[in-house]
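User: I'm new to reading protein structures and would like a close look at just one part of this one, the sheet. Could you walk me through it slowly, strand by strand?

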Amino acid sequence: MDVAALLPTVIELTYLVAVSLFIVGIKKLGSPATARMGNRWAALGMLLAIAATLLQQGILHYNHILLGLLVGSVVGAWLAYRVEMTAMPQMVGLLNGLGGAASVLIATGEFWRSVLAGVALPKAALVSTVLGVIIGGVTFTGSLIAFAKLQGWMTGQPVVLPGQRWLSAGTLAATLGAGLVLWPAPLQLGAFGIVLVLSLALGVLFVLPVGGADMPVVISLLNSFSGLAAAAAGFIVLNDALVVSGALVGASGLILTQIMCKAMNRSLANVLFGALMAQQAGEAGGVTAVKGVIRRIDEEETAMMLAYARSVVIVPGYGMAVAQAQHALRELADALERRGVEVKYAIHPVAGRMPGHMNVLLAEANVPYTQLYDMEAINPEFEHTDVVLVVGANDVVNPAARHDKHSPIYGMPILEVDKAKRTIVIKRSMNPGYSGIENELFYKERTAMLFGNAREVLTRLLNEVKQLA
């Protein structure tokens with residue numbers, strides 16, 4: 001039997017199995033109950049794809065490849081263990097950027113090799129190379145800006161440069177123009193360098209005007225871009241698995257982006273260019289001022305209300321993530337259930353700083369999936385709920401989204417906690433959320449504020465509940 005003759009077939013079959021595992025993994029990621037298993041299936045598929053690629057006869061030297069695998073595996077494992085769940089959005093953004101950078105390096109290496117050899121790339125390969133540089137470059141620098149915003153290294157508010165509409169449009173036109181120059185003259189290194197530099201600049205201009213509240217959408221979109229850049233790289237190196245897996249990531253990222261926009265009742269164009277359009281229209285503020293009285297409550301009274309309620313709905317938000325309070329919240333919920341209280345969790349699609357952020361945190365605390373309710377399922381139940389406990393959520397429970405046409409969150413579907421019999425909000429202070437506006441909920445007659453660090457407050461609430469007869 002000629003093993004060498006069978007090797008290409010074995011490689012293609014392995015790629016087919018790997019792609020199938022990718023599809024199954026992505027499917028299972030759609031539910032919190034199966035997400036961990038989906039991650040394992042996808043990881044197995046990636047392992048098979050790497051193994052099949054290493055069997056390619058075109059690989060001349062394995063030393064650098066194995067060194068890269070070793071370094072990448074060590075760094076990846078270290079990040080997985082060291083990075084807190086609160087910093088996971090930043091990590092996801094950074095990984096998106098690294099994926100884009102890898103595609104840029106592949107495209108640049110292929111173009112540089114053609115220049116050194118003095119042989120022009122075929123037209124199809126040239127198109128894939130230019131697209132890999134443009135999409136990958138935008139993904140890389142755009143993800144770095146998203147990382148900086150989420151990490152707090154730069155303001156989370158939209159940053160609009162003077163004349164940015166024209167600057168962005170001009171940069172895009174110049175990038176595409178330089179790419180078109182390569183069509184009749186594919187060995188022009190200067191034109192390629194312009195495409196590379198301008199694509200990196202375009203990524204910065206793309207994400208700068210987007211506010212921190214819209215980062216979940218941007219992360220989803222950049223994830224899609226990283227997949228498309230990988231698919232372009234797959235066409236460059238003629239790797240079927242890379243093409244298909246990149247297309248899967250690109251498509252799933254776009255679908256998720258659409259879902260996130262729908263959850264916010266906004267178009268993708270409004271999310272990405274809303275600040276630029278506001279600048280063009282000369283909008284300045286206009287948000288209706290919130291008037292009312294803040295009603296405070298202490299842990300003892302809150303514990304009594306929760307312990308003697310028939311039904312409690314918990315609304316987690318980014319404040320819970322920052323305080324790492326998910327475990328304390330689970331313990332409190334368990335204590336309430338032992339007293340016969342019905343406990344549910346209300347999950348807003350864009351709560352946190354990335355899609356599914358709250359689901360991931362609650363899963364880490366082993367909260368039963370059956371207790372997690374999405375917005376459409378839980379909203380009709382608030383009118384019949386005795387107590388809603390809001391833990392660090394802000395914009396996603398702001399009633400202004402229903403009626404204040406001047407509000408930046410107007411029209412966004414919210415968790416209608418203000419319709420419950422009583423609402424208690426755990427929050428550090430009265431500072432506004434990422435949208436930069438005050439929350440009407442905090443001034444409602446049936447709302448009480450419990451100020452403090454979420455984990456410390458929840459721990460004290462748990463002790464108070466345990467002391468009740």
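Analyst: **A walk through the sheet**

Let's start with a single pair of residues: Pro316 stands opposite Val391, a residue of strand β4. Keep in mind as you look that this is a predicted model. Pro316 belongs to strand β1, which covers residues 311-316, while β4 covers residues 387-391. These two strands pair in the parallel sense, over five bridges. You can find another matched pair between them at Val313, whose bridge partner in β4 is Val388.

Now step back to see the whole sheet. Six strands build it, and it is an open sheet with parallel pairing. Going across, the order is β3-β2-β1-β4-β5-β6. What stands at the edges of this sheet? The edge strands are β3 (372-374) and β6 (447-451). Each of them has a single partner strand, so one side of each is left without a neighbour in the sheet. The sheet also twists, by an average of 25° from one strand to the next.

Let's return to β1 and look at its surroundings. Is it buried or exposed? Six of the six residues of β1 are buried, so the strand is largely enclosed by the rest of the structure. Buried here means that a residue has under 20% relative accessible area. The side chains of β1 point two ways: Ser311, Val313 and Val315 go one way, whereas Val312, Ile314 and Pro316 go the other. Residues on both sides are buried.

We have already met one neighbour of β1, namely β4. The other pairing to look at is with β2, which runs parallel to β1 and is joined to it by four bridges. A good place to see this is Val312, which stands opposite Val343 in β2.

Next, move to β4. This strand is mostly covered, since five of its five residues are buried. Its residues point in two directions as well: Val387, Leu389 and Val391 one way, and Val388 and Val390 the other way. So far we have seen β4 beside β1. With β5, too, β4 pairs in the parallel sense, over five bridges. Here Val391 comes back into the picture: its bridge partner in β5 is Ile426. So if you start at Val391, you find Pro316 opposite and Ile426 as a bridge partner in β5.

Now for β5 itself, and one residue worth pausing on. Thr423 is found in this strand. At 1% relative accessibility, Thr423 counts as buried. Which residues is Thr423 in contact with, leaving aside its neighbours within four places in sequence? Among them are Val388 and Val390, two residues that point the same way from β4. The rest of the list is Val417, Asp418, Leu441, Arg446, Thr447 and Ala448. Of those, Thr447 and Ala448 fall within β6, which spans 447-451. Try selecting Thr423 in your viewer and finding these contacts one by one.

That brings us to the β6 edge. Five bridges join β5 to β6, and the two strands run parallel. Look for Lys427, which stands opposite Phe451 in β6. Is this edge strand enclosed or left open to its surroundings? Four of the five residues of β6 are buried, so β6 is largely enclosed by the rest of the structure. That can sit alongside what we said before: β6 has a single partner strand in the sheet, yet most of its residues are buried.

Finally, look at two helices that meet the sheet. Helix α13, made of residues 326-338, lies across β1, β2 (342-347) and β4. The helix runs at about 145° to β2. Helix α17, made of residues 454-467, also packs on the sheet. The strands touched by α17 are β4, β5 (422-427) and β6, and its direction makes about 130° with that of β5. Notice that β4 appears in both lists: α13 lies across it, and α17 touches it.

To put the picture together, follow β4 once more: it pairs with β1 and with β5, and five of its five residues are buried.

Definitions and conventions
Residues numbered from 1 in each chain as written. Predicted model: local features only at pLDDT ≥ 70, side-chain atom pairs only at ≥ 80, totals over all residues. Heavy atoms only, no water. Pairing = 2+ DSSP bridges. Axes fitted to C-alpha atoms, helices over the stretch in contact; angles between N-to-C directions. Contact = heavy atoms within 4.5 Å. Buried < 20%, exposed > 50% of the residue type's maximum accessible area, 1.4 Å probe, protein only.
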